[in-house]
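Work through the exercises below with the sequence and the structure side by side. Each one sets a task and then solves it in steps.

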Amino acid sequence: MTYCVAMCLEQGLLFGADTRTNAGVDHISTFRKLYTFQQAKSHAIVLLCSGNLATSQSLIELLRRDLSEQKEHILSQQSLFDVARLIGQKLYSIIQEVSHDDKTSAPNFSGNILLGGQIKGESPRLFQVYPQGNFIEATRETPYLQIGEHKYGKPILDRVVRFATPLTLALNSMIVSLDSTIKSNLSVGLPMDILVYEKDSFDLTRQRRFTEYDEDYLKMRQYWNSGVNQLLEQFPTPKV
């Protein structure tokens, strides 16, 4: 399974994803789910993928092939809306190509995509692309989107993240959201990939992978655990 989350905020964009995939309790693997596409100071695009691994890998390969062959590609689009439409068409086409007629016995080939970034002339934007090829866009009122096992990591985001939330605070909440999901769901696991994009920078180099042995990650996890316990100890207990 998967948990991916992305935010479109006043100061820029944030992306986070785990790397665990599994096809049963005894077959667990690690695959990257965060991909970037960049062109000088005009295009900075990030994709997060969930769902069938073969579907998402086929999508990324086709996007890269179109780019290398200079066909219509994601770095030739004039807006992120056009990129979302292009990716939606390709995703739908891939799923239809590999799906069987008998939907009841066929494997699930569906996939969902979080697409975010900035194209020159626009502000940063964030979309969720569905396997049917359609998509929605994040708004000021709903500045973050999730795919995969989102229920465990959603409460912290609902309490903290607003469009005006600073990137640093939003980043902390994203890491806690991912860590909470990893702790509560065995199908989501480390390493986790994080990317921070500052508005108008067209810089996608601020990336980091956290592993189970990462000292910063272990400190953050311990700080959060101890902080929650301390708050609960000080909580005004109601009379029962």
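**Exercise 1.** Leaving aside its neighbours within four places in sequence, with which residues is Q146 in contact? Place Q146 in the fold as well.

Solution. The model is a predicted one.
- Step 1: Q146 belongs to strand β10.
- Step 2: Once the neighbours within four places in sequence are set aside, the contacts of Q146 are Y3, C4, V5, L114, Q128, G153, K154 and L157.
- Step 3: One of these, Q128, lies 18 residues from Q146 along the chain, and the two C-alpha atoms are separated by 8.3 Å.
- Step 4: The relative accessible area of Q146 is 11%, so Q146 counts as buried, the limit being under 20%.
- Step 5: V5, another of the contacts, stands opposite Q146 in the pairing with β10.

**Exercise 2.** Find the order of the strands in the open sheet of five strands, and say which are the edge strands.

Solution.
- Step 1: The order across the sheet is β10-β1-β2-β11-β12, and the pairing is antiparallel.
- Step 2: β10 (144-148) and β12 each pair on one side only, which makes them the edge strands.
- Step 3: From one strand to the next, the twist averages 10°.
- Step 4: For β1 and β10, the antiparallel pairing extends over five bridges.
- Step 5: Helix α4 packs on this sheet and touches β1, β2, β11 and β12; the direction of α4 makes about 165° with that of β11.

**Exercise 3.** Check the length of helix α4 against the expected span, then list what covers its buried residues.

Solution.
- Step 1: Helix α4 covers residues 167-184, which is 18 residues.
- Step 2: At 1.5 Å a residue, α4 should span 26 Å. The expected span takes 1.5 Å times one less than the number of residues.
- Step 3: The end C-alpha atoms of α4 are 26 Å apart, so the model agrees with the expected value.
- Step 4: Buried in α4 are L167, A170, S173, M174, I175, V176, S177, L178, D179, S180, T181 and I182.
- Step 5: The cover over these residues includes the strands β1 (3-9), β2 (12-18), β11 (192-198) and β12 (207-210), together with the helices α3 (154-160) and α5 (215-234).

**Exercise 4.** Is strand β7 enclosed or open, and which strands pair with it?

Solution.
- Step 1: Strand β7 takes in residues 111-119, and nine of the nine are buried, so the rest of the structure largely encloses β7.
- Step 2: G111, I113, L115, G117 and I119 point one way from the strand, while N112, L114, G116 and Q118 point the other way; all of them are buried.
- Step 3: Strand β6 (residues 43-51) runs antiparallel to β7 and is joined to it by nine bridges, with S50 opposite N112.
- Step 4: Strand β8 (residues 125-129) is also antiparallel to β7, with five bridges, and V129 is the bridge partner of I113.
- Step 5: β7 and β8 form a hairpin with five residues between them, where G121 in the turn has a positive phi of about 100°.
- Step 6: β6 is also joined to strand β5 (residues 34-39), by six antiparallel bridges, and F37 stands opposite I45 there.
- Step 7: The hairpin of β5 and β6 has three residues between the strands, and A40 takes a positive phi near 40°.

**Exercise 5.** Describe how helices α1 and α2 meet.

Solution.
- Step 1: Two packed helices are described by the angle between their axes and the distance between the axes.
- Step 2: The axes of α1 (residues 53-68) and α2 (residues 80-98) come within 10 Å and cross at roughly 130°.
- Step 3: α1 is therefore oblique to α2.
- Step 4: The crossing of α1 and α2 is right-handed.
- Step 5: On α1 the contact is made by T55, S58, L59, L62, L63 and D66, and on α2 by I87, K90, L91, I94 and I95.
- Step 6: The buried residues of α2 include L80, V83 and L86, and the buried residues of this helix pack against β6, α1, β7, β8 and β9 (135-137).

Definitions and conventions
Residues are numbered from 1 along each chain as its sequence is written. This is a predicted model: local features need pLDDT of at least 70, side-chain atom pairs count only at pLDDT 80 or more; totals for chains, interfaces and linings use all residues. Side-chain values use heavy atoms; hydrogens and water are left out. Helices (H or I, at least four residues) and strands (E, at least two) are DSSP runs, numbered from the N terminus. Buried means under 20% relative accessible area, exposed over 50%, partly exposed in between (1.4 Å probe, protein chains only). Contact means heavy atoms within 4.5 Å. Two strands pair if DSSP finds at least two bridges between them. Axes are lines fitted to C-alpha atoms, for helices over the stretch in contact, and angles run from 0 to 180 degrees between N-to-C directions. Angles under 35 degrees count as roughly parallel, over 145 as roughly antiparallel, 65 to 115 as roughly perpendicular and the rest as oblique. A crossing is left-handed if the near helix is turned anticlockwise from the far one by less than a right angle, and right-handed if clockwise.
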